Amino acid sequence: RVLYRLLGGGSLDGLLVSSAVITSMDPAYVDSFLASLPDIPIVLLATAPTSLPCLVVDNRIGMDALMDHLITVHGRRRVAMLAGPLSHPDARSRLDCWRRTLQAAGLPHDDALWVECDWLGVQLPEKLDRLLAKAGSFDALVCSNDVPAIDAMDLLRGRGFRVPEEVSVVGFDGIASTFFSDPPLTTVVQPLWRQIQTAFDLLL
């Protein structure tokens, strides 16, 4: 709200809201904020609890490809999941895809194989230790987004696992730092520039 006032909200002709702005916010607050805005075109680059246009990537397509890569190409059979905050619909969708794919493949998909974590991985060391304690072992780790995935590779190595030989780690988003991680992170790349162009087309 402060940023909107600083920008001179009354003079705006349209508003494009990035996922980076709202994904970490409480959904009820986001809904209240968006409802308080004047009658101007608004497009969200994120899933939010609102009737406004939301331009997002289909999580099912990306997650299905990621899971197929682990199971079919690499032969992984015990695939764990580091889910995002379940208050966010993208995190719930990606967790559901993980569970559905493993069930269809006849592989373990019980609650011992996943934990919830924040998008930025602030809680990652604690959450990863909890996952290891619950699951016992796993040969792949699917992360709901790239930031904790990159850090998880280092943490797993610090706990004696060889990455990716013993444990494959994959992410979701395709942020630039995945190219410089060691090893380079396998991830689902979201077509951000295409999303932005489409969003501007909707605004105009």
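Asn145 is buried in this predicted model, since its relative accessible area is 6% and thus under the 20% cut-off. The residue sits in the loop between E5 and H7, and, once its neighbours within four places in sequence are set aside, Asn145 is in contact with Trp119, Gly171, Phe172 and Asp173. With Trp119 there is a polar approach as well, in which the side chain of Asn145 reaches the backbone oxygen of Trp119 at 2.7 Å.

Arg130, found in helix H6, offers a second case: this residue is partly exposed, because its relative accessible area of 45% falls between the limits of 20% and 50%. The table sets out one C-alpha separation for each of these two residues.

| Residue pair | Separation along the chain | C-alpha separation |
|---|---|---|
| Asn145 and Asp173 | 28 residues | 5.9 Å |
| Arg130 and Trp114 | 16 residues | 9.4 Å |

The strands around these sites belong to an open sheet of five, arranged in the order E4-E3-E5-E6-E7 with parallel pairing. Strand E4 (114–116) and strand E7 (186–189) stand at the edges, and each has a single partner strand, so one side of each is left without a neighbour in the sheet. On average, and with direction ignored, neighbouring strands of this sheet are turned by 15° against each other. Strand E3 (residues 79–83) is joined to E4 by three bridges, the two running parallel, and Leu82 stands opposite Val115 in E4.

Two helices can be described against this sheet. Helix H5 (residues 89–104) packs on the sheet and touches E3, E4, strand E5 (140–143) and strand E6 (168–173), its direction making about 170° with that of E3. Helix H6 (residues 124–135), which carries Arg130, lies across E3, E4 and E5 and runs at about 155° to E4.

The largest nonpolar core has 42 residues, of which Met63, Trp98, Phe138, Leu141, Val142 and Val169 touch the most other members. Two or more residues of this core come from each of helix H4 (59–73), E3, H5, E4, H6, E5, helix H7 (146–158) and E6, and H7 gives the most, with six residues. Val169 illustrates how such a member is surrounded: leaving aside neighbours within four places in sequence, Val169 is in contact with Leu141, Cys143, Ala149, Met153, Leu156, Val163, Leu185 and Thr186. Apart from the largest core lies another, of nine residues, which include Leu15, Val30, Leu34 and Leu44. In soluble globular proteins, nonpolar side chains tend to be buried together.

Terms used: Residues numbered from 1 in each chain as written. Predicted model: local features only at pLDDT ≥ 70, side-chain atom pairs only at ≥ 80, totals over all residues. Heavy atoms only, no water. Pairing = 2+ DSSP bridges. Helix = DSSP H or I, 4+ residues; strand = E, 2+ residues; numbered from the N terminus. Axes fitted to C-alpha atoms, helices over the stretch in contact; angles between N-to-C directions. Contact = heavy atoms within 4.5 Å. Core = buried A, V, L, I, M, F, W, Y, C linked by side-chain atoms within 4.5 Å. Buried < 20%, exposed > 50% of the residue type's maximum accessible area, 1.4 Å probe, protein only. Polar contact = N/O pair within 3.5 Å; in protein donor to acceptor, adjacent residues only side chain to side chain.
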